[in-house]
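Here is a short briefing for a first look at this structure. Keep the sequence and the 3D view at hand while reading.

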Amino acid sequence: MALSDLAQLFDRAFQPLATAVSTNHVPGGVLGIVDSNGHRIVRAIGSAQLVPKQRPMTVETWFDLASLTKVIFTTPRILALAEDGVIDLDAPLTSVLPDLRQYDQSAWERKVTFRQCLGHQTPFPAVEPIYTYGRDPELLRAFILQREWRARDPVYSDINFILLGFALERLSGKTIRDMDPGTGFAWSTEPDAAAATEDCTWRHRVLSGEVHDDNCSALQGAGHAGLFGTAASVLDFAQGLLSGASKNSTALMRTPLSATRTHGWERSYDGWSGGALCSPGTIGHTGFTGTGLWIDFDKGKAWTLLTNRIHPTRHFDSGIVQLRQAVGDLMNGVQ
């Protein structure tokens, strides 16, 4: 795609973000696009923080990427271990975590596989306030491993990626926060360099530069959340996938496991966050803090929309679902 065509596409797609900021639905955001030729455009608007002080959003602002951690950090590392023969994706987690539900050898949790976790095809609950059980990270790890989880119909669950993170920790002998987060990424950043998130009701402060996810905070690092990055670092990661780096792993990221999911990622389906006009092979993912990344391999482009939509609180309608879909449609040519 010529840079001029990319710029025209980008200008149209930026308008819904500008409207969301001007109508006070989100304090601010950064939109970025990159194509397979390396052409990229990034633009910021609005505020990185409103309370207790106001700061402008810039293209260099760091974001708490929330669940983008799953696809940028955890998924590639699990798939690389599988490619190297260290793990078998169809083996149970107990091949690395033998103490998972160790007091009941017939427990269903002991049969859950790496692939099932990547595709959110397990009976773990969608939401679990693990942080309410305490703030000792080692005690919470033991609690997660030994708890008798009530089996439910498969849903998107952070527990899947918390357990995958435990596997990475067990194999490396390091905690998540002691691992290299990847070029351009970090586990925290300076408060004034970051987009602020929520005025946290249990930490009693506005969070900026420290992880918002309550469970990740209590665990002091986990596989489902906690990664920080800028629009540039997110686009660098996406461009690497577009360019064919780690071909085997990328192929699995694109391989469907269900009508809505691949290995780690969401795939294009009716009503998803990437809009209605993505190519069928497009993959994407969102983060609770207001982040998102979508990669259209057929059209050779990727875009990221990073906002601080939960600042200073999650308890209002930011319109983030509609914003993401509108941006996605305009990125794909709707006038």
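The points below cover the cores, the largest pocket, a buried serine and the cysteines.

This is a predicted model. Its largest nonpolar core has 63 residues. Its largest pocket has a volume of about 670 Å³. The structure holds 0 disulfides.

**Nonpolar cores**

- Five members of the largest nonpolar core touch the most other members: Leu65, Ile72, Leu163, Trp265 and Ile295.
- Helix α5 spans residues 158–172 and gives the most to this core, with 8 residues.
- A second, separate core holds 23 residues, including Phe10, Phe14, Leu330 and Met331.
- Leucine 65 can be followed further through its contacts, leaving aside neighbours within four places in sequence.
- Among the contacts of leucine 65 are Ile72, Phe185, Leu227, Phe228 and Val234.
- Leucine 65 is also in contact with Gly229, Gly287, Thr289, Thr291 and Leu306.

**The largest pocket**

- The lining of the largest pocket consists of 31 residues.
- Ser67, Val127, Asp158, Asp213 and Phe288 lie nearest the centre of this pocket.
- By type, the lining divides into 12 nonpolar, 9 polar and 10 charged residues.
- At least two lining residues come from each of α5, α6 (214–219), β10 and α9 (320–331).
- Strand β10 gives the most to the lining, with 3 residues.

**Serine 268 and its surroundings**

- Serine 268 sits in the loop between β9 (266–267) and β10 (283–287).
- Is serine 268 buried or exposed? Serine 268 counts as buried, because its relative accessibility is 18% and the cut-off for buried is under 20%.
- Leaving aside neighbours within four places in sequence, serine 268 is in contact with Cys278, Ser279, Pro280 and Thr282.
- Cysteine 278, one of these contacts, is itself buried, with a relative accessible area of 10%.

**Cysteines**

- With 0 disulfides in the structure, cysteine 200 is in no disulfide.
- How far away is the nearest cysteine sulfur to cysteine 200? The sulfur of cysteine 216 is the nearest, 13 Å away.
- A disulfide here needs two cysteine sulfur atoms within 2.5 Å, so the 13 Å to cysteine 216 does not qualify.
- Cysteine 200 counts as buried because its relative accessibility is 6%, and buried means under 20%.

Definitions and conventions. Residues numbered from 1 in each chain as written. Predicted model: local features only at pLDDT ≥ 70, side-chain atom pairs only at ≥ 80, totals over all residues. Heavy atoms only, no water. Buried < 20%, exposed > 50% of the residue type's maximum accessible area, 1.4 Å probe, protein only. Core = buried A, V, L, I, M, F, W, Y, C linked by side-chain atoms within 4.5 Å. Helix = DSSP H or I, 4+ residues; strand = E, 2+ residues; numbered from the N terminus. Contact = heavy atoms within 4.5 Å. 1 Å grid on protein atoms, 1.4 Å probe; cavity = no way out; pocket = protein on both sides within 12 Å on 5 of 7 lines; lining within 4 Å. Points joined across faces, edges and corners; volume = space filled by probe spheres on them. Nonpolar A, V, L, I, M, F, W, Y, C, P; charged D, E, K, R; others polar.
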